[in-house]
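Here are a few exercises to work through with the model open beside you. Take them in order, and try each task before reading its solution.

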Amino acid sequence: MNRFSTTTVRALAVLCALCSSAVFAATETTGRVEGYVYDPTGAALSEVPLTISGSAMQGQKTTTTGDDGRYGFTGLEPAEDYVVEVNVPGFTPIQLKGIKVRLGQATINDINLTVLTEQAAAQTFQIIEKVNPVLNPDTATAVAVIDAEKAAMTPIFQQVEGMAQQVAGVGPGNRPSTRGGFARYGKFYVDGMDTTDVTDGSITAPMNFNAVQNFEIMTGAMDAQYNSMGMITNAVTKSGGNRFTYDVAFTFQPTPMAAKPNYPAQQFGFLGQYTNNDFVGPNTSFYAPVVNIGGPLIKDKLWFFFSSQANFSLRENPITIANIRENRPTNTLTELARLKLTWAATTADKVSFAVNFDHNSITNNVGTASVTDNGENQINRGGFFVILNYDHSFTDSVLFQLETGVTKKRSDQDPMRTTADGSIDYQTISHRDTTAGITDFNSGSISSAIQGAYLHETKWRIQFDPTISWKLRGMGTHQMKAGVQTSFMIDEQATGVPGNRRYVDRGGVCNEADPATYSYCFQRIDYTGNQGGSLDTKARAFNIGLFLQDRWTVNRRLTIIPGMRFDIGRLYGDQSALGDDTLVATLVGLGPRLSATFDLFGDRRTLLVAHAGRSNDIGNIFVAQHANPQLTAYQSTFNTTTNSFPDCAADNTQSGCSTSGGPAGRQFVTHKTALFDKVSDSPHVDEFSAGVHSEVSEETVIGIDYTYRYYGSLWADEEVNRIWDASGTRILGYQNGINQQIYMTEAPGSAYRVYHGTDLWVQGTPGRWDLLASYTLAFNKGTVDDYFDGYLQNPRMAQYYYGFVSDDRRHTLKGSIAYRLPFGLDLGFRVQYRTGSPNWENYTNPADGTQRYYRSPRGTGFPNNTTLGKPDFNDPNSWTDLRNPDQFTLDLQARYNLGQALKTKEKFEIVLLVVNSLNNTGPQFLYDSYTTSATNRFGQASSHFSPLQAEFMFRVRN
C-alpha cells in the first residue's frame, strides 16, 4: 500500500508540473480487456496471475485479480487476436484466443477455472476460442465502433469523415448535425488528438481511409474527459507490427460508370421542366491510387506505418443560364501522405509520432447557375498535422499519458477569372443581377457571413493534454482519471473584393457611364479595409479544461461514472482593429456528469443505461474572428432623379446611403467578463438520456435510447441601431442618426434549441452477417439554425424564429449490412431514408436587400389560396408546415477475394461499389424564397440527388 501511495503521489506531481507549463482532446486511443476469475464452485478468486499478448503489442502485459476476482488489462491497441493466459497451480491452464479489443471499449471475458485432472495434466493449455460480447457494461456513452474490416465492407465512398453517417442520431453529409446540435459542434480526432478545423467543425486534413484501424463514433452521454456539444469521431490509425505488411489499392470510375442526369438543377421554363431532353449529359470520373506499408524497424521495439494516396476527381455540373445550357467542369485533386512511428522505449514507456500532409484544389467550386463562368471561384488548400503521444506506466495501476501536437491549414478561395498574363484577376468588378439571380464578370461574395469575394486564411492549433489514470479498490473497483486539456488556436484572414466594388443590378448590367443602362442600376457597394480595399485580421483563442472522473464498478452488476470538468476560454481579436484591448470575451463552463449502467439480470446480456450532464462551448476561433470587423461596406442606392449613385464612402449621411461592417459594426456584450460572472451565459447543452441494451445473440446487440438535449445561450447578433416599423419592412430611423448597422454580439437565453430523439438500433455480427442499423424518431425546435443566422437582426422578425429548425428530420432509417459467403465473396448494402427537412418561406426585405423577411414561424409558409390563386399573407390561419422531399438512396457493394480461390495468404480483392444504385435523381432540396416576379422559383428544385455512380477497386494486401 505504501508503494502504491508513493507512486501515485509521484505521478500526480508529474501531472501538476506538466499542467503548469501549459480543448479538447484526451480521447481514447486504446481499449480494455476485463472480467472475473471464478473457481469451479463459482467463488471469485483473488491474486490470480494473468498474461495478455497479441500482434498489436510490443511485448506482453501481466496483472492479478483483486479481492473480488476482477482483473483488467488497459491501454491495449485495437486488434482481433489477443490471447489471455491463466496458469494457477491445481487448475487446468487456460488460453483464451481470438479476443477482440475495440477502441474505447471494455471487452468482457469471465474465466471459470476447472480442477486439474490427470488427463488434463497432459495438455499444455485448455484452448478456448472466445466469442466476444458486444455489450460494454462499464459505460453509458452512446458509441459505435467500426473497425477497418467493417469499414471495407460498407458501400460508401472512402472518406474518413463520412463514416459517422451510419450511426444513429447522426445527420447526412460529411459535416453532419448530431442529436439536435449544429454541424460546427462536430469534432474529428486522429489517434486521440483534436484535428478539427478551428472554425467550422469539419476535418482539418483528410487522410487515407485504409490507414485507419478503428473508428470510434460518440454521439452522446460522454464522460467528463470529453467536452463536446456534438459528435466525436476518433480515428485510431494503424501502427505497423513485427510483420511487414503492404496494402495497395487502385480505385477507378471511368465516365461510362456514372449515370448522367439530363436536366439541370435550376431548369428554366423554356425546357418545359422536361426530365429528358436532347442535351449532352455531364461526365463524372474518379481515379485514386493508394499505397500502405508497415512493419518493424526493430522487432518489438520500433514499428512504422506509411501511407500515400492521390485522388483525381473530374465532374461536370449541368447548368442553364440565360436559356443557354452548359456542363461546367469541377475538377478536384487531393494528395495525401502519412507516416507513423511507434517506439517501445522500455517495458513501461511507449512513444508514437505521426505526421500527416494533405493538399487539395478545386476548380469552379460553386458549380451552379447562380454564377457565370466568370463569376466562379476556386479553392487551393492544404496543411499538415503532427501528433506526439507518450505513455508511461508507473505501476500496473498507474498510467500517465500525454497527447500533444500541432495542426496547420492553409486555404485560399480566389476568383477563377484571370488576367492576360494568367494571374488571378483582383480588379474586374462583379455584377449581381437580382432578377436573374446570377453573378457575372468576377467572383461574388464567398458567403453571407464573409463579405469578401476572395479569402486567404491560415489556421493553427497547438494542443497539450496530459492525463493520469489509476486504479483503486474499496467498495468495489475504481478507475480514476484526471487531466488538463489545453488548446491554443490562431486564425489569420486576408479578404477583399475585386476592384473594391460590387454592383447589384436588376434585369441587366448597370454601367454608370452609359445612360442606356440606368434602368438596370439598383445598388453599388464600395468596400474598404485596414489594408486599403482589403482587410487583414488575426484572431486567437486559448482554451483550458480540467476534468476528474471515476469509473466505479460497485459490483458485477452496477457501474457508476461520476465526473466533473471545468473549462475556461479566452478569445482575442485583432490588434489593428481593436487597438490594445484585444480580449473580447472570457467564457467559463462547469460540466458535471453522472452516468450509470446496471446489469438487469446479472448475466451480462441486458443493460440499463442512464446519463445526465452538461457540456459547454467556451469559444473557438470562429467566435473570436467574429469579434473582428468585416470589410466596411458603403451601400449606395441609385438615384433616379440625378441618374447617379451618391458617394456614400465620402458621406454616408446622404439619402440612399447605408453602411455596414467596419470597426464600429460589432460589439461584444461579453467583453472582459469577470471570470465567474457569466458561467450560465456560455453556450451549453444539458443532456439527459436513458436506454436498454440487450445481447440477443452472440456478438449482436439491440438497443433503444431516448435523448433529451437543451442547447442554451447560443451566439447571436442583435442589431441595435435601426428603428423599424411594426411590419419590419421599413426603417424609421437610427439610434445614432446614421444609416448604419451596429450588431451587439451576445449569447442570450432566448437563443436556444430543444431536441427529443428516440433511437432503436442493432449492431453485431450474427453468423455470416454484419449489422449496423437504426431507426430514429426526432423533434428539433428552437430559435436559431446556427450561430449568427439572423435571429435578432430585425426585432419584428424575432417572433417568427421559433419553430422546427433545418436539422429536424422526423424519421430516419439507415442500415449498413453485409453478408459473407463461404467462397470469398461478401455483399454490402447501405440504405438511407429520411423524411424531408423543414423549409421556411421567406422574401427579400424591401428595406434591406441583404435581409430575409418572414411572415410565418420557422418551418412554415403560406400555400396558394385556391380563390385568390396566390398565397394570402394576411391570414395566419393558413400557415402550414413546409418540408423538402423525403430522401431515399440504396448503395451496393460486392467484394471478392480472389486469393481464397488461389489458396494464397495474400488477399487479392476485386470490389464493385455502386452508389445510388436506384439512380434516384429526384429533388433533394426546394427553393423557399418567394417573390411576386416572373422569376419566382418557390417550391422548385434547388438541387437533385447525384445520379448513380459506380467504381471498381483492385486491392492487394497481406
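**Exercise 1. Confidence**

This is a predicted model, so confidence is a good place to begin. Over residues 671-680, where pLDDT stays under 50, how many contacts beyond four places in sequence does the model have?

*Solution.* Start with the stretch itself: for residues 671-680 the model has 16 contacts beyond four places in sequence. Next, turn to residues 1-25, where pLDDT also stays under 50 and the model has 52 such contacts. Then look at the elements: confidence is lowest in helix α1 (residues 2-21), with a mean of 39, and highest in strand β43 (residues 803-804), at 96. Finally, set these beside the whole protein, which averages a pLDDT of 87, with 92% of the residues scoring at least 70.

**Exercise 2. Following a ladder of strands**

Starting from arginine 895, find its bridge partner in β53, and then the partner of that residue in β56.

*Solution.* First, pair the strands: β52 (residues 887-897) and β53 (residues 907-915) run antiparallel and are joined by 6 bridges. Within β53, arginine 895 has valine 911 as its bridge partner. Now move on to β56 (residues 949-957), which pairs with β53 over 9 bridges, again in the antiparallel sense. There, valine 911 is partnered by methionine 953.

**Exercise 3. An open sheet**

Which strands are at the edges of the open sheet that contains β13 and β14?

*Solution.* Write out the order, β10-β13-β14-β11-β12, for this sheet of 5 strands with mixed pairing. The edges are β10 (142-147) and β12 (193-194), each of which pairs on one side only. Now zoom in on one pairing: β13 (residues 212-220) meets β14 in the antiparallel sense, over 6 bridges. Valine 212 is found opposite threonine 237 of β14.

**Exercise 4. The second largest cavity**

Describe the second largest cavity by its volume and its lining.

*Solution.* Begin with the volume, about 170 Å³. The lining has 15 residues, and those closest to the centre are Thr29, Glu77, Lys350, Ser352 and Asn389. Two or more residues each come from β14 (232-237), β18 (324-343), β19 (349-362), β20 (377-395) and β21 (398-415). The largest share, 3 residues, is from β19. Sorted by character, the lining holds 2 nonpolar, 7 polar and 6 charged residues.

**Exercise 5. An aromatic pair**

Why does the pair of tyrosine 518 and phenylalanine 638 tie together parts that are apart in sequence?

*Solution.* The count of aromatic pairs comes to 30. In this one, tyrosine 518 and phenylalanine 638 lie 5.5 Å apart, centre to centre, with 50° between the planes, and the pair is tilted. Tyrosine 518 is in the loop between β26 (501-505) and β27 (521-528), while phenylalanine 638 is in the loop between β32 (632-637) and β33 (657-660), so the pair links parts 120 residues apart in sequence.

Technical notes
Residues are numbered from 1 along each chain as its sequence is written. This is a predicted model: local features need pLDDT of at least 70, side-chain atom pairs count only at pLDDT 80 or more; totals for chains, interfaces and linings use all residues. Side-chain values use heavy atoms; hydrogens and water are left out. On a 1 Å grid over the protein atoms alone, a cavity is a set of points where a 1.4 Å probe fits but cannot get out, and a pocket is an open set with protein on both sides within 12 Å along at least five of seven lines; lining residues have an atom within 4 Å of a point. Grid points are joined across faces, edges and corners, and a volume is the space filled by probe spheres set on the points. Helices (H or I, at least four residues) and strands (E, at least two) are DSSP runs, numbered from the N terminus. Ala, Val, Leu, Ile, Met, Phe, Trp, Tyr, Cys and Pro count as nonpolar, Asp, Glu, Lys and Arg as charged, and the others, Gly among them, as polar. Two strands pair if DSSP finds at least two bridges between them. pLDDT is the predictor's confidence in each residue, from 0 to 100. Contact means heavy atoms within 4.5 Å. Rings of Phe, Tyr and Trp (its six-membered ring) pair if their centres lie within 6.5 Å; planes under 30 degrees apart count as stacked, over 60 as edge-to-face and the rest as tilted.
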